[in-house]
Amino acid sequence: GAMRRALVESLKGLPVAIFGDSGWQRDGVFAASCYRGGPVTTEQANIIYSSGAIALNFHHPQFRRGTSLRTFALCAAGAFQLVDWRQGLDRWLTPGLELETFRTPAELRSLAERYLADPSARRRIADAGRKRVLSEHTYVLAKHFIEIGEVNEVFVKGKKSVVRMYELMAITRPSLRRVPRCEIRKSPRVDVDMPLVFQRIE
């Protein structure tokens with residue numbers, strides 16, 4: 001979108017490599033010139049995350065609060081990241097100590113220049129972020145404070161085998177929060193094979 005384009009354009013003249021969907025090639029001349037391909041596997045992503053001086057982390061517009069899993073993955077990979085600020089992000093990681101945040105394209109440019117010139121600060125922040133994520137925010141640790149209900153096995157279109165779904169009941173950290181109970185569907189789902197007729201009106 002327009003914000004993503006503006007963020008990348010603000011970095012003109014700096015060494016930038018972009019991996020991901022091909023839509024980046026339509027986000028302006030500079031973004032297209034930086035595009036290196038993708039999508040990439042998880043293993044490739046981890047190598048990319050940890051190999052650059054700075055990992056840029058732009059939230060999808062749907063993330064208005066908190067953060068995405070990529071923020072934790074970047075820290076776990078030992079990457080120094082610049083991430084666009086979202087309300088509540090500081091509940092999980094401390095800006096300036098475990099990652100760095102920006103709010104505008106101009107601030108992104110300023111921070112990128114500052115940290116490209118200061119590898120020891122990048123390393124210090126990346127190490128602190130990795131330590132925090134590995135000590136507090138892993139799937140292994142999450143199983144100790146997430147309460148789930150019974151396992152539901154469902155058939156999903158495009159999948160050959162059943163998919164196991166877990167109902168979230170509650171989380172116990174940082175404070176106890178229970179998911180409100182809702183009425184369970186009483187009628188069974190059935191396959192229906194019948195003709196359907198419709199008329200297009202212009």
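## Salt bridges, a three-stranded sheet and a surface patch

E147 and R178 meet in a salt bridge, their closest N and O atoms being 3.2 Å apart. E147 belongs to strand β6 and R178 to strand β8 (residues 177-178), so this pair ties together parts that are 31 residues apart in sequence. Please keep in mind as you look around that this is a predicted model. The bullets below start from this pair, move through the sheet and its nonpolar patch, and then turn to the other salt bridges and to N57.

**The E147–R178 pair**

- E147 counts as partly exposed, because its relative accessibility is 31%.
- R178 counts as exposed, because its relative accessibility reaches 55%.
- R178 also has a place in the strand pairing: this residue of β8 is the bridge partner of A170.

**The sheet around it**

- Three strands build an open sheet, and their order is β6-β7-β8.
- The pairing in this sheet is antiparallel.
- β6 and β8 are the edge strands, each pairing on one side only.
- Strands of a sheet pair through backbone hydrogen bonds, and they can do so in a parallel or an antiparallel way.
- Between β6 and β7, the antiparallel pairing runs over 7 bridges.
- If you would like to trace that pairing on screen, N152 has M165 in β7 as its bridge partner, and V154 has V163 in β7.
- Between β7 and β8, the antiparallel pairing covers 2 bridges.
- A hairpin of 5 residues makes the connection from β7 to β8.

**A nonpolar patch on the surface**

- Which residues form the nonpolar patch on the surface? They are I146, I148, V151, Y166, L168 and V179.
- Together, these six side chains come with about 480 Å² of accessible area.
- Two elements give two or more residues to the patch, namely β6 (146-154) and β7 (163-171).
- The largest share, 3 residues, comes from β6.
- I148 is a handy residue to pick out here, as a member of the patch that is found in strand β6.
- With 45% relative accessibility, I148 counts as partly exposed.

**Other salt bridges**

- How many salt bridges does the structure hold? The count is 9, and the E147–R178 pair described above is one of the salt bridges.
- R4 pairs with D27 in another salt bridge, where the closest N and O atoms are 2.7 Å apart.
- R4 sits in helix α1 (residues 2-9), while D27 sits in the loop between β1 (18-19) and α2 (29-34), so their bridge ties together parts that are 23 residues apart in sequence.
- Is D27 buried or exposed? D27 is buried, since its relative accessible area is 6%, under the 20% cut-off for that class.
- R4, on the other side of this bridge, counts as partly exposed at 23% relative accessibility.
- R4 and D27 are joined with R5 into one network by salt bridges that share partners.
- E9 and K12 form a further salt bridge through their side chains, with 2.9 Å from N to O.
- Both ends of that bridge count as partly exposed: E9 has a relative accessibility of 24%, and K12 has one of 45%.

**N57, a buried polar residue**

- N57 is located in strand β3 (residues 55-57).
- What is the relative accessibility of N57? The value is 0%, so N57 counts as buried.
- The N57 side chain makes a polar contact with the R70 side chain at 3.4 Å.
- The N57 side chain also makes a polar contact with the side chain of T71, at 3.0 Å.
- Setting aside neighbours within four places in sequence, N57 is in contact with S68, R70, T71, L74, Q81, L82, V83 and D84.

**Pulling it together**

- Strand β6 is a good place to revisit, as β6 is an edge strand of the open sheet, carries E147 of the salt bridge to R178, and gives the largest share of the nonpolar patch.
- Strand β7 pairs with β6 over 7 bridges and with β8 over 2 bridges, and β7 also gives residues to the patch.

Methods: Residues numbered from 1 in each chain as written. Predicted model: local features only at pLDDT ≥ 70, side-chain atom pairs only at ≥ 80, totals over all residues. Heavy atoms only, no water. Patch = residues over 30% accessible without salt bridge, like charges linked within 9 Å, V, L, I, M, F, W, Y side chains within 5 Å. Areas by Shrake-Rupley, 256 points an atom, 1.4 Å probe, with all protein chains shown as cover. Salt bridge = Lys/Arg side-chain N within 4 Å of Asp/Glu carboxyl O. Helix = DSSP H or I, 4+ residues; strand = E, 2+ residues; numbered from the N terminus. Buried < 20%, exposed > 50% of the residue type's maximum accessible area, 1.4 Å probe, protein only. Pairing = 2+ DSSP bridges. Polar contact = N/O pair within 3.5 Å; in protein donor to acceptor, adjacent residues only side chain to side chain. Contact = heavy atoms within 4.5 Å.
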